[in-house]
Number of protein chains: 2
Amino acid sequence: MKTKKYEELRLHYKIWFTDDNDKGILGDGKYKILKAIDESGSLMSACENLGITYRRTWNDLKSIEKQLGFPLLEKTRGGADGGSTILTPEGKKLIRAFDDFHEKMDEIMQYHFALLKQQLLSDE
Amino acid sequence: MKTKKYEELRLHYKIWFTDDNDKGILGDGKYKILKAIDESGSLMSACENLGITYRRTWNDLKSIEKQLGFPLLEKTRGGADGGSTILTPEGKKLIRAFDDFHEKMDEIMQYHFALLKQQLLSDE
DNA sequence: ATGCGTTATGTTGATTTTTTCATATCGAAT
DNA sequence: ATTCGATATGAAAAAATCAACATAACGCAT
């Protein structure tokens, strides 16, 4: 009964960065957007890929850059292809750092979570 | 400019457990409630201590036990002191495991976050 | 039997978040 | 100059979350 429940347990986590007033800057959600933009080259296609609304995503991006105070994106409007959005070098650097961090955390978390399950399943 | 922003960066994170359908079971919020109940011996005083509403907390607790399928709490009503809520041994075990996990993660996260900051502050 | 403090639960109203819709702007290509 | 596909932005509608209030049940003490 209870042991079965514990074995089915899954771990989830979210990380986010804030400024020194704990006001959010960048988290998992916004990171995903930036990554999708980097891969697709435009905001619109990034939104379609992720299944999220353009309107909301646009707000999110605006808030990131407002918080950080320097641009992560380079946007163009008009032209043959309608426009584009790509990451600045600083933007790429940021998502790479975030990526690396996540990779490490995934590994460490799952390892310790396995230990926790054992702790729960043991009879004391 | 940008480097200053990075130095001011703070890390936050949340962890939570779900069942195998990713339906939430226990997270930081509910963990805090359980811990406060353990320390105070009643739901009401736990809520006052945490500054959260009784009504909402009661709903949260109900959902935990519904998800887990076995009780974490032992409640009594009436009597000289009006009633009480205490953790079952299984409940105590769970919050202890969560506690241990959090402690480890806090340490590991902060360590790797420091590395990430260095990565961001370095010029490439 | 009345009072007291706590658990238990419904309901309603407020607040916040998220979606949806509508519209404007831009610039290359035709 | 018109079309096209993308960015840019406002505003309203809808949904989800949260807070507040009211009320009942319970059982020991007096």
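Which atom of DNA strand C lies 2.9 Å from a backbone N or O atom of G78(A)? In this predicted model, the partner is a base oxygen of DNA strand C. G78(A) is also one of the residues that come nearest to the strand. The others named in that group belong to chain B: L43(B), Y54(B), R55(B) and W58(B). In total, 21 residues lie around DNA strand C.

Phosphate oxygens of the strand are approached from both chains. On chain A, a polar side-chain atom of R56(A) lies 3.3 Å from a phosphate oxygen of DNA strand C. On chain B, an N or O atom in the side chain of K75(B) is 3.4 Å from a phosphate oxygen. Several elements give two or more residues to this surface. Chain A supplies α4 (54-68). Chain B supplies α3 (43-50), α4 (54-68), β3 (73-77) and β4 (83-87). By residue class, the surface near DNA strand C holds five nonpolar, nine polar and seven charged residues. On the DNA side, sugar or phosphate accounts for 60% of the strand atoms within 4 Å of the protein. Bases make up the rest.

The two protein chains also meet each other. Contact involves 42 residues of chain A and 42 residues of chain B. Interface size is often expressed as the accessible area lost when the parts come together. Here chain A and chain B bury about 4200 Å² between them. Carbon and sulfur atoms carry 62% of that area. Within chain A, the residues losing the most area to chain B are R10(A), H12(A) and K93(A). Together these three make up 14% of what the chain A side buries.

Polar contacts between chain A and chain B link 21 residue pairs, both members at pLDDT 80 or more. Two salt bridges cross the interface. D22(A) forms a salt bridge with R10(B), with the closest N and O atoms 3.0 Å apart. On the side of chain A that touches chain B, two or more residues come from each of α1 (2-8), β1 (10-18), α4 and α5 (89-121). The largest share, 18 residues, comes from α5(A). This side of chain A divides into 21 nonpolar, six polar and 15 charged residues.

Strand pairing joins the chains as well. β1(A) pairs with β1(B), residues 10-18, in the antiparallel sense. The pairing runs over nine bridges. H12(A) has W16(B) as its bridge partner in β1(B). H12(A) is thus named twice at this interface, being also among the residues of chain A that lose the most area to chain B.

Notes: Residues are numbered from 1 along each chain as its sequence is written. Chains are lettered from A and ligands numbered from 1 in the order in which they are written. This is a predicted model: local features need pLDDT of at least 70, side-chain atom pairs count only at pLDDT 80 or more; totals for chains, interfaces and linings use all residues. Side-chain values use heavy atoms; hydrogens and water are left out. A residue is near a molecule or strand if one of its heavy atoms lies within 4 Å of it. A polar contact is a pair of N or O atoms within 3.5 Å; within protein, one must be able to donate a hydrogen and the other to accept it, and residues adjacent in sequence count only if both atoms are side-chain atoms. Helices (H or I, at least four residues) and strands (E, at least two) are DSSP runs, numbered from the N terminus. Ala, Val, Leu, Ile, Met, Phe, Trp, Tyr, Cys and Pro count as nonpolar, Asp, Glu, Lys and Arg as charged, and the others, Gly among them, as polar. Contact means heavy atoms within 4.5 Å. Buried area is the accessible area (1.4 Å probe) that two parts lose on being put together, summed over both. A salt bridge is a side-chain nitrogen of Lys or Arg within 4 Å of a carboxyl oxygen of Asp or Glu. Two strands pair if DSSP finds at least two bridges between them.
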